[in-house]
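Me: I would like to go through this structure by asking what each label rests on. Please set the values against the definitions.

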Amino acid sequence: MTYEAVIGLEVHVQLKTRSKMFSRVAAGYGEPENTLTDPVVLALPGTLPVMNKEALDKIIKAGLLLGCEIAPLCKWDRKNYFYPDSPKNYQISQYDQPLCRGGSVEIELPGPARNVMGEHRRVALTRIHLEEDVGKLNHGEGESLVDFNRAGTPLMEIVSEPVIRSADEAFSYLTALKTVMVYGGISDCDMEKGQLRCDANISIRPEGQAALGTKVELKNLNSFSFVRDGIAHEIRRQVAVVEAGGSVVQETRDYDGQTGASQSLRSKEMAHDYRYFPDPDLMPVQVGEEWKQRIRSECPELPFDRQRRLQQEFAVPYTITSVLVPDRALCDYFEEAARLSGKPQAAANWIANDLLRELGAAKLPLAESRVRPSHISGLVGLVEGGVILSNAAKEVFIEMFRTGEAPEAVVARKGLKAGADTGEIERWCAEAIAGDPKSAADFRGGKDSAINAFKGPVMRAAKGKADPKRVDETLRRLLAS
Amino acid sequence: MKDALYHGTISELSALMGAGELSAVELMESVLARTKAVDGRVRAFNSFDEKDALDQARASDLRRSRARAAGESVGPLEGIPVGLKDVISVRGQPLTASSRMLEGFVSPYDSTVTEKLKAAGAVCWGRLNLDEFAMGSSTENSAFGATSNPWDLDRVPGGSSGGSAAAVAAGEATAALGSDTGGSIRQPAALCNVVGLKPTYGRVSRYGLIAFASSLDQIGPFTRSVGDAATLLGVISGHDRRDSTSVDLDVPDYGRAVADLKKSGRRWRLGIPKEYFGEGLDSEVGAAVQAAIDEYRRLGAEIREVSLPHTKYAVGAYYIIATAECSSNLARYDGVRYGHRSKDARDALDLYFKSRAEGFGAEVKRRIILGTYVLSSGYYDAYYLRAQKVRTLIRRDFLEAYKHVDAIVTPTSPTPAFRKGEKAANPLAMYLNDIYTIGVNLAGLPGVSIPCGFTRGGLPIGLQVIGQPFKEAELLAVAGAYEERNDWRSRHPAL
């Protein structure tokens with residue numbers, strides 16, 4: 001029998017805000033333990049939460065970008081449970097009135113080959129709500145220490161409908177979601193820093209069956225590939241259970257990306273009763289049309305929309321747009337270079353090949369690149385105008401990358417101008433033919449490759465400034481006469 | 001001034017200091033000596049910091065002399081010792097909520113009201129006893145020992161702000177702050193012959209107040225006169241960015257507003273809710289309140305019967321909402337970051353169980369368990385949601401009544417001070433003590449208790465006046481009109 005997997009993802013995304021969700025202390029990563037705290041974060045007696053409006057701005061932006069319906073009221077609830085990383089032993093969250101409902105994420109499935117665009121489809125969302133992050137437990141020998149730096153960081157929970165059908169689709173979904181979040185400046189989504197975390201609800205059913213199977217929640221999927229591998233592993237595990245005549249048990253399982261195995265964390269019977277109720281310390285906040293309109297005006301073009309536009313407007317191929325588009329800054333960089341130069345494809349090649357290669361080798365972010373879009377445009381102009389030859393252009397690029405000089409300055413300083421005129425080439429070619437009568441006879445006798453014997457001496461005489469194509473043409477003409 | 005300094009009102013003492021006839025240090029020394037003389041019997045204080053209080057008084061005298069030299073005036077609280085209930089945070093001072101759970105805890109920050117008192121020049125004086133985490137009506141639930149009623153040391157001072165009421169009554173503080181969730185300011189004020197005011201919910205910031213039930217808690221003053229209550233309310237009120245339930249409304253000069261209302265000769269329309277004069281009301285209390293109503297009539301007030309039909313559901317709704325909120329608010333006391341931590345816990349779960357079992361007293365545990373229950377899956381709609389609906393109906397009752405009257409007059413407590421231990425074994429009987437005060441919290445209204453007589457046995461009786469939202473000036477004007485016509489407040493307990 002063939003089985004179909006039904007997958008829903010719950011993705012937690014930390015918002016990129018200056019301060020925490022309910023206090024004025026800074027939000028951040030990598031600081032010494034318990035330094036990003038204050039009486040509110042530590043839940044000292046008598047402290048009260050106050051909502052961070054910037055966090056609300058960002059979730060509204062996320063909702064607008066993903067086409068969600070935005071609630072007219074931001075209402076807060078308490079989710080009660082005891083855990084040492086939770087300072088209040090309740091988490092302020094949104095229960096029955098999430099700020100965003102509906103919406104969808106456009107995803108691209110893997111194509112038939114790396115350089116071929118895959119099928120696009122939309123993964124529907126159930127809801128997005130806002131809450132606060134918890135601290136971190138560090139387990140040592142015989143003791144556990146708590147670091148509350150992360151506690152209170154604004155956190156968005158994005159819940160998809162159970163419409164994902166494979167591990168690859170889940171991977172594509174996360175990739176697309178991350179790109180939108182980064183585009184919107186909503187989060188950096190760095191999984192290593194815990195800025196994006198993912199849990200998966202997975203069940204299987206015989207293909208064609210409408211009823212859903214028993215679901216298993218998979219936790220601790222802490223990289224994109226672990227998400228893919230963990231889901232694939234869980235689907236195989238469930239199929240094996242069913243094929244062996246057993247039935248899947250509703251439970252929460254922990255996936256270990258290192259070993260590729262999972263183990264049960266808790267069963268349904270041990271599920272928490274969170275005793276949600278409206279937080280009496282926080283007044284609901286009205287989200288009016290004006291507020292939404294302001295955020296809408298700050299929303300960028302969505303990544304896939306941009307990719308389609310680049311392909312239409314600039315005729316840049318998929319192989320290149322798929323490199324440029326995921327990085328909003330790189331894409332901005334490209335568009336600037338394309339417009340300045342008027343030669344989008346040439347500019348795209350320089351950026352997607354040379355610039356990315358050099359940045360990668362130097363381990364530099366784009367923002368620190370000395371080569372600016374105007375430099376790319378200048379370089380493209382020099383090549384197109386025949387001022388420099390393509391091998392010299394490569395050298396110019398390397399120099400620009402190193403020094404930040406304008407391309408014209410590099411050409412002048414290094415004397416890379418394709419200076420050889422037709423008369424000079426004619427003379428060097430004639431001299432080379434006269435100096436090697438045997439090869440001339442061989443060529444005339446029908447041995448085409450004999451022409452190469454003259455090219456070395458001509459290029460040496462030209463010191464590399466002669467266009468090989470023109471040298472070849474001239475030699476053939478002279479030898480034929 | 002005919003009284004001892006330690007029995008003086010804010011206005012009297014402020015006038016003496018303003019005239020250069022008294023220093024803040026002399027006043028503090030008088031209050032300190034009185035406290036040392038009587039607090040062994042009254043036990044109003046959990047602790048006090050003598051040196052710190054005298055340092056504050058000296059600093060106050062310095063400010064006053066500098067202001068005088070510069071030709072400037074100082075505020076009415078300058079140099080006045082104001083006691084603080086031990087749930088209001090003062091930087092560098094203990095903050096215990098009268099619980100083992102917070103024994104030894106020192107707060108690293110000031111509450112908003114503490115900041116405001118300090119900015120007004122008051123001396124923040126001592127940590128006043130209460131029922132543990134403000135849960136109780138007798139101050140017997142304190143982990144550090146019960147407070148006694150200064151009028152009869154065998155009786156309770158009421159609660160939960162019993163320490164605040166007893167201190168002001170006994171001359172151990174010129175004024176005090178307490179907190180009121182279901183009557184915790186007004187009921188002890190009534191039982192101790194002082195003025196106790198619960199402001200409108202949202203009038204005073206709760207930042208730095210240990211939460212019992214967030215949607216009901218409100219800080220308010222204990223004073224020896226209605227005028228003093230107006231003064232203190234003016235200092236502690238106002239919007240606070242750190243408390244999003246505090247309301248962004250201008251704070252009037254309450255003293256002037258009350259004086260203007262008095263001058264205007266306005267004829268007050270006072271409502272008498274029939275539901276507040278039924279079974280369970282002590283006959284002497286009933287008679288004293290009736291006499292006060294008659295006095296109002298003689299003053300020219302129009303007395304009308306009003307109905308608050310949902311009153312009978314108030315105690316039930318209150319004990320669902322308040323306990324639900326407290327079960328969540330008190331979850332933070334877990335032994336992990338601060339407070340009591342059990343010495344022999346095996347793991348994290350055991351640490352919670354043992355620390356909380358050892359740290360909390362019986363009444364606190366009872367309410368946490370009740371609150372946890374009413375919020376549980378499957379019970380939420382039947383209890384919490386329904387209680388919230390009742391709450392809306394109760395507020396509607398009051399607002400309906402206010403279409404016809406300016407204020408409502410009732411007894412504060414059904415009985416005068418009861419004997420220690422008398423109700424300790426019967427939580428329900430204890431809960432019924434708040435029957436006349438709870439509705440005010442559920443409706444978020446301001447209410448004040450003022451002295452209105454004594455029983456034949458010499459126990460104080462309180463009159464409650466309930467006002468309209470954010471109309472504390474009218475409320476205090478009504479209370480002040482009665483206060484002027486008698487001298488109950490000038491009687492002091494024999495200690």
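Reply: What follows takes the labels one by one.

Reply: The model is predicted; local features need pLDDT of at least 70, side-chain atom pairs count only at pLDDT 80 or more, and totals for chains, interfaces and linings use all residues. Residues are numbered from 1 along each chain as its sequence is written, and chains are lettered from A and ligands numbered from 1 in the order in which they are written.

Me: What pLDDT does chain B average, and what does the predictor give for the complex?

Reply: pLDDT is the predictor's confidence in each residue, from 0 to 100. Chain B averages 97, and 100% of its residues score at least 70. For the complex, the predictor gives an ipTM of 0.96 and a pTM of 0.91.

Me: Why is Ala134(B) called buried?

Reply: A residue is buried if 20 or more other C-beta atoms lie within 10 Å of its own, exposed if 12 or fewer, and partly exposed in between, with C-beta atoms placed from the backbone. Ala134(B) has 30 other C-beta atoms within 10 Å, so Ala134(B) is buried. Its phi is near 65°, a positive value in a residue other than glycine. Ala134(B) lies in the loop between strand 3 and helix 5 of chain B; helices (H or I, at least four residues) and strands (E, at least two) are DSSP runs, numbered from the N terminus.

Me: Why is Cys189(A) called partly exposed?

Reply: Cys189(A) has 19 other C-beta atoms within 10 Å, and therefore counts as partly exposed. Cys189(A) also has a positive phi, about 55°, although it is not a glycine. The residue lies in the loop between helix 2 (167-183) and strand 12 (196-206) of chain A.

Me: What makes the peptide bond between Gly159(B) and Ser160(B) notable?

Reply: The bond is cis, with omega about 5°. Ser160(B) is found in the loop between strand 3 (123-128) and helix 5 (162-170) of chain B.

Me: How do you know that strand 4 and strand 6 of chain B pair?

Reply: Two strands pair if DSSP finds at least two bridges between them. Strand 4 (residues 175-180) and strand 6 of chain B are joined by 5 bridges, so they pair; they run antiparallel. Asp180(B) has Gln218(B) in strand 6 as its bridge partner.

Me: How many bridges support the pairing of strand 5 with strand 6 of chain B?

Reply: Strand 5 (residues 195-198) and strand 6 of chain B pair over 2 bridges, in the antiparallel sense. Gly196(B) stands opposite Phe222(B), and Val195(B) stands opposite Thr223(B).

Me: What makes strand 6 of chain B mostly covered?

Reply: Strand 6 covers residues 218-223, and 6 of its 6 residues are buried.

Me: Which strands are the edge strands of the chain B sheet?

Reply: The sheet is open, with 11 strands in the order 1-3-2-4-6-5-10-11-9-7-8 and mixed pairing. Strand 1 (45-47) and strand 8 (302-306) of chain B are the edge strands, as each pairs on one side only. Neighbouring strands of this sheet are turned by 35° against each other on average, direction ignored. Axes are lines fitted to C-alpha atoms, for helices over the stretch in contact, and angles run from 0 to 180 degrees between N-to-C directions.

Me: Which strands does helix 7 of chain B touch, and which does helix 16 touch?

Reply: Helix 7 (residues 226-236) packs on the sheet against strand 4, strand 5, strand 6 and strand 10 (447-454) of chain B, and its direction makes about 145° with that of strand 6. Helix 16 (residues 472-483) packs on the sheet too, touching strand 9 (407-411), strand 10 and strand 11 (460-466) of chain B, and its direction makes about 10° with that of strand 10.

Me: Why is Gly453(B) called buried?

Reply: Gly453(B) has 20 other C-beta atoms within 10 Å, and the cut-off is 20 or more, so Gly453(B) is buried. Its place is in strand 10 of chain B. Two residues are in contact if their C-beta atoms, placed from the backbone, lie within 7 Å. Leaving aside neighbours within four places in sequence, Gly453(B) is in contact with Ala288(B), Ala291(B), Ile461(B) and Trp488(B).

Me: Why are strand 5 and strand 16 of chain A placed at the edges of their sheet?

Reply: That open sheet has 3 strands in the order 5-4-16, with antiparallel pairing. Strand 5 (90-93) and strand 16 (277-278) of chain A each have a single partner strand, so one side of each is left without a neighbour in the sheet. Strand 4 (residues 77-80) pairs with strand 5 of chain A over 4 bridges.
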